[in-house]
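Here's a quick briefing to read alongside the model. It goes from the overall build to one sheet, and then to a single strand pair.

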Amino acid sequence: MAFDFLVPVEDKALAHCELLPPQSLGKNIFKHTQRDGLPVLANASFAIMGVNESRNAFEKKPEKLAIVEIRIQLYKLMMGNWNLNIVDLGNVEEGETVEDTYFVVKEITAGLLEENVIPIIIGATQDITYPTYRAFDKIKDLINLVSIDSRFDFGADEELISSSSYMSKIITDKPNNLFNFSNIGYQSYFNAQEEIDLMERLFFDAYRLGEISSDITLAEPVLRNAHLVSLDARAIKASEIGGSSNYSPNGFDGREICAIARYAGISENVAVFGIYESENSPLSFQLMAQIIWYFMEGYNFRIKERPTGSSKDFTKFIVPTENEDLIFYKSLLTQRWWVEVPSFASSHTKSNSPALLPCTEQDYLDACDQIIPERWFKAYKKGLN
């Protein structure tokens with residue numbers, strides 16, 4: 001069984017827990033230890049897992065990611081007013097081959113998904129996103145992947161899978177379960193024009209760093225539709241992470257990246273959350289821990305909502321446009337918005353009811369001005385193909 005390959009939580013982290021107050025996360029997380037073995041998954045909300053695989057790193061680092069230091073910083077943080085059970089499964093070490101590591105990560109992630117436990121993966125390199133995506137193979141037919149990254153990570157066609165090309169593998173590999181890919185925070189000068197054009201041709205969504213930084217709430221509807229979220233620490237500015245030359249002076253600041261992580265936690269669809277490409281520095285260890293904390297915080301505020309025309313919890317708006325009536329819904333409880341996408345539904349859902357696409361109030365206001373929201377148009381075109 002794949003869970004047998006998990007290595008217990010490091011002794012250094014366990015020893016540190018002994019000094020922590022009872023309100024800390026370290027005192028409230030059920031840990032995989034040498035003495036007690038794996039914790040029980042029943043009723044768990046999250047399972048933390050480190051992955052030390054880094055052989056497919058695009059830029060080799062002189063030392064491995066010190067996952068234990070991220071754990072120590074996470075354990076130090078205080079529990080929120082949460083009703084959550086959290087387990088720490090320990091680490092997956094490098095297998096004999098990279099494919100062996102991928103297989104173990106895929107099987108463990110799939111096992112957690114079957115138990116309705118959300119894996120929180122701390123990975124050395126972002127190519128670990130690929131096995132977590134493949135974990136959905138027997139669980140969900142169509143997957144929405146959101147990457148928080150300064151790059152699209154398509155790589156060259158002939159390039160083997162790496163931390164900078166895993167998306168090409170996801171797009172081309174069979175079975176192709178990827179329905180939508182969204183990037184949050186890309187920086188144009190890191191991406192070839194051909195990659196930007198490919199995003200357009202495939203009707204994928206991409207949001208530039210400046211666009212999100214000017215209005216962080218734009219990330220919420222993107223994440224609301226995600227099943228898998230992959231966060232590349234290189235999307236964060238170097239000064240926030242104590243980074244080396246691998247990191248850029250431009251990127252999200254600490255507040256922004258934590259807000260994005262909280263939106264991911266609030267999303268009722270997000271089933272896997274991974275953070276990758278972190279730096280071995282005290283600032284980085286603290287920020288990665290705080291990102292995980294905010295993801296958990298968001299989860300605590302999850303509300304299952306599905307707008308219907310007959311529900312009293314939603315206001316329905318019909319906006320006539322030149323070619324089609326756009327139907328919007330606004331939640332009276334959370335103030336969130338959705339828009340119906342007719343052809344999107346017929347191709348990719350079993351029912352004939354229109355699919356609901358998360359959107360913003362600005363999308364509704366644009367529609368009132370006869371400006372078709374770009375997210376609606378892309379979903380509509382994708383449904384036709």
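What follows is a short tour, starting with the whole chain and ending at one residue pair.

Keep in mind that this is a predicted model. The protein has 14 helices and 14 strands. Its radius of gyration comes out at 21 Å, close to the 21 Å that the globule rule gives for 385 residues, so the protein is as compact as a globular protein of that length.

**Overall build**
- Along the principal axes, the C-alpha trace spans about 65 × 50 × 40 Å.
- Of the contacts with a separation of 6 or more, 73% are between residues 24 or more positions apart.

**Inside and outside**
- Buried residues account for 56% of the 385 in the protein, with buried meaning under 20% relative accessible area.
- About 17200 Å² of the protein is exposed, and carbon and sulfur atoms supply 50% of that area.

**A four-stranded sheet**
- Strands 11, 12, 13 and 14 line up in the order 11-12-13-14 as an open sheet, and the pairing is antiparallel.
- Strand 11 (314–320) and strand 14 (355–359) are the edge strands, so called because each pairs on one side only.
- On average, neighbouring strands in this sheet are turned by 30° against each other, ignoring direction.

**Zooming in on strands 12 and 13**
- Strand 12 covers residues 325–331 and strand 13 covers residues 337–341; the two pair in the antiparallel sense over three bridges.
- Which residue stands opposite F328 in strand 13? That partner is V339.

Key. Residues are numbered from 1 along each chain as its sequence is written. This is a predicted model: local features need pLDDT of at least 70, side-chain atom pairs count only at pLDDT 80 or more; totals for chains, interfaces and linings use all residues. Side-chain values use heavy atoms; hydrogens and water are left out. Axes are lines fitted to C-alpha atoms, for helices over the stretch in contact, and angles run from 0 to 180 degrees between N-to-C directions. The radius of gyration is taken over C-alpha atoms; the globule rule is 2.2 Å times the number of residues to the power 0.38. Buried means under 20% relative accessible area, exposed over 50%, partly exposed in between (1.4 Å probe, protein chains only). Contact means heavy atoms within 4.5 Å. Accessible areas come from the Shrake-Rupley method with a 1.4 Å probe; for residues, only the protein chains shown count as cover.
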